[in-house]
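Biologist: Before I plan anything at the bench, I would like to go through this model with you, one question at a time. Could you show me the sequence and the structure?

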Amino acid sequence: MSRRLVAGVDTSTQSTKVLVCDADTGEVVREGRAGHPDATEVDPAHWWRAFGEATDGALLDGVAAIGVGGQQHGMVLLDEAGDVVRDALLWNDTRSAGAATDLIAELPGGAAGWADATGLVPVASFTVTKLRWVAEHEPDNAARAASVMLPHDWITHLLRADRNPETAHGGPTTDRGDASGTGYWSPASGSYQPQLLRLAFGRDLAVPRVAGPAEVVGETVAGALLAPGTGDNMAAALGLGLRPGDVVVSLGTSGTVFGVSERPVVDISGTVAGFADATGRHLPLVATLNAARVLSTVAALLGVDLSTLDELARSAAPGAGGLTLLPYLDGERTPNLPDARGLLNGITRGNATPANLARAAVEGMLCGLADGIDAVRGLGVPVERVLLIGGAAASAVVREIAPALFGVPVSVPDPGEYVALGGARQAAWVLDGGAEPPAWRVPGTATAAETLAPPVGETRKVYADVRDRAQALLR
């Protein structure tokens with residue numbers, strides 16, 4: 001009996017990854033990858049080229065359904081003909097920080113008004129602020145714009161054999177997960193908030209229809225069904241089979257903390273984004289701009305590779321001899337300090353060693369994510385176990401320190417492309433037409449040490465003190 005095959009796509013900040021999986025078991029059968037430009041604004045044509053490169057060589061032969069996961073928030077502006085107006089502004093482009101501040105002030109109720117309407121308080125990452133920036137700084141481009149999409153919407157649309165709104169599946173589509181990161185869609189009501197889009201852009205723009213979680217939204221030229229797709233964090237949650245009580249800490253280019261909630265989450269401070277997930281539930285999330293890049297930057301500073309950085313950090317005592325790193329290397333999203341820079345505090349002749357600096361880098365990165373866990377827990381989301389994923393989860397010292405700083409057991413799933421796997425699981429769900437996603441086996445996990453050493457607990461207190469004093473100066 002031949003296998004039924006599905007494909008999941010991750011069009012991320014750095015690359016496109018494609019997994020072809022067995023629709024019944026989730027086993028990865030084959031995979032492809034291609035890189036993206038390293039920039040905060042990118043011509044979307046690069047993503048389409050990368051998809052073609054990643055699937056070259058008949059990778060998609062026999063695939064019956066495809067689901068696309070994509071980096072959240074990216075602004076893809078299109079004209080009346082469907083052509084791209086300007087390079088897409090990505091989530092990590094912070095030029096719209098001022099626009100975020102303005103939009104909060106302009107809406108009655110301020111931050112609370114935004115949180116009630118959309119589950120979000122505007123920051124530079126969100127699409128709504130990027131629309132305001134274009135309207136203010138590029139009026140010619142704004143005048144040409146007829147519609148706005150997100151990266152996964154755009155790739156899904158290009159995959160359609162029929163892109164005619166009158167004959168296809170209702171024209172361009174998105175899903176509730178990715179729509180919830182725009183700043184003009186409400187997870188609570190399940191509808192767009194056009195008044196907020198007009199507030200940001202000055203007029204209406206066409207937006208993709210929000211498809212149901214397992215809705216068929218089109219077919220490819222080869223006849224494969226197209227799933228709605230979703231944002232990268234929502235796809236990762238689907239790929240991991242996230243359940244209540246589980247919280248993911250992802251240590252990739254950015255850092256994220258997210259868990260499943262049955263109800264919408266509203267945080268007027270803006271620390272926790274009240275996203276929707278890809279299944280009909282909700283996905284409260286905290287994001288930082290700086291995660292794995294903190295370790296690679298400090299490794300480069302010390303002139304060592306990442307494995308040597310690990311060894312150095314493990315050789316230092318908890319607390320790094322009093323050295324504390326606030327890792328705001330590229331500005332920061334949580335706390336919302338887009339113009340901030342990193343800060344090394346407490347340096348003396350006695351503690352100024354490579355080992356202490358390596359340890360401070362790891363502790364600083366993880367303390368920022370531990371703050372995110374506290375914020376999610378504070379809104380009533382249960383935190384019983386942390387699933388640690390992303391490139392930096394491979395670090396031995398990260399695995400050792402994380403349980404103590406997070407205060408709960410930490411499991412490390414087998415390394416994998418969980419965004420692409422989530423896209424494939426969604427594709428299998430669409431293929432089966434079932435009420436729930438297929439019950440694929442979640443990749444095995446190894447539980448990290450759970451010892452909560454008092455010196456590490458003290459590390460969080462020192463970090464919090466440095467963080468709070470620095471914020472008072474940086475704001």
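Biologist: Leaving aside neighbours within four places in sequence, which residues is V6 in contact with?

Modeller: The model is a predicted one, and contact here means heavy atoms within 4.5 Å. With neighbours within four places in sequence left out, the partners of V6 are L19, V20, C21, A23, V63, A65, A424, A427, A428, L431 and W440.

Biologist: Which helix gives the most to the largest nonpolar core?

Modeller: The largest nonpolar core has 58 residues, among which V6, L77 and L131 touch the most other members. Eight residues of this core come from one helix, spanning residues 418-432, and that top contributor is α14.

Biologist: How many residues are in the second, separate core?

Modeller: This second core is separate, and its members include L251, M365, V381 and F406. Its residue count is 52.

Biologist: Which residues lie nearest the centre of the largest pocket?

Modeller: The largest pocket holds about 1,200 Å³ of space, and its lining has 18 nonpolar, 20 polar and eleven charged residues. Of the 49 residues that line the pocket, those nearest its centre are S250, L251, G252, T253 and S254.

Biologist: Does T334 count as buried or exposed?

Modeller: T334 sits in the loop between β20 (324-326) and β21 (343-345), where its side chain reaches the backbone oxygen of A287 at 2.6 Å. Residues that T334 touches, not counting those up to four places away in sequence, are T271, V286, A287 and T288. Because the cut-off is under 20% relative accessible area and T334 has 17% relative accessibility, this residue counts as buried.

Note on methods: Residues numbered from 1 in each chain as written. Predicted model: local features only at pLDDT ≥ 70, side-chain atom pairs only at ≥ 80, totals over all residues. Heavy atoms only, no water. 1 Å grid on protein atoms, 1.4 Å probe; cavity = no way out; pocket = protein on both sides within 12 Å on 5 of 7 lines; lining within 4 Å. Points joined across faces, edges and corners; volume = space filled by probe spheres on them. Nonpolar A, V, L, I, M, F, W, Y, C, P; charged D, E, K, R; others polar. Core = buried A, V, L, I, M, F, W, Y, C linked by side-chain atoms within 4.5 Å. Buried < 20%, exposed > 50% of the residue type's maximum accessible area, 1.4 Å probe, protein only. Helix = DSSP H or I, 4+ residues; strand = E, 2+ residues; numbered from the N terminus. Polar contact = N/O pair within 3.5 Å; in protein donor to acceptor, adjacent residues only side chain to side chain.
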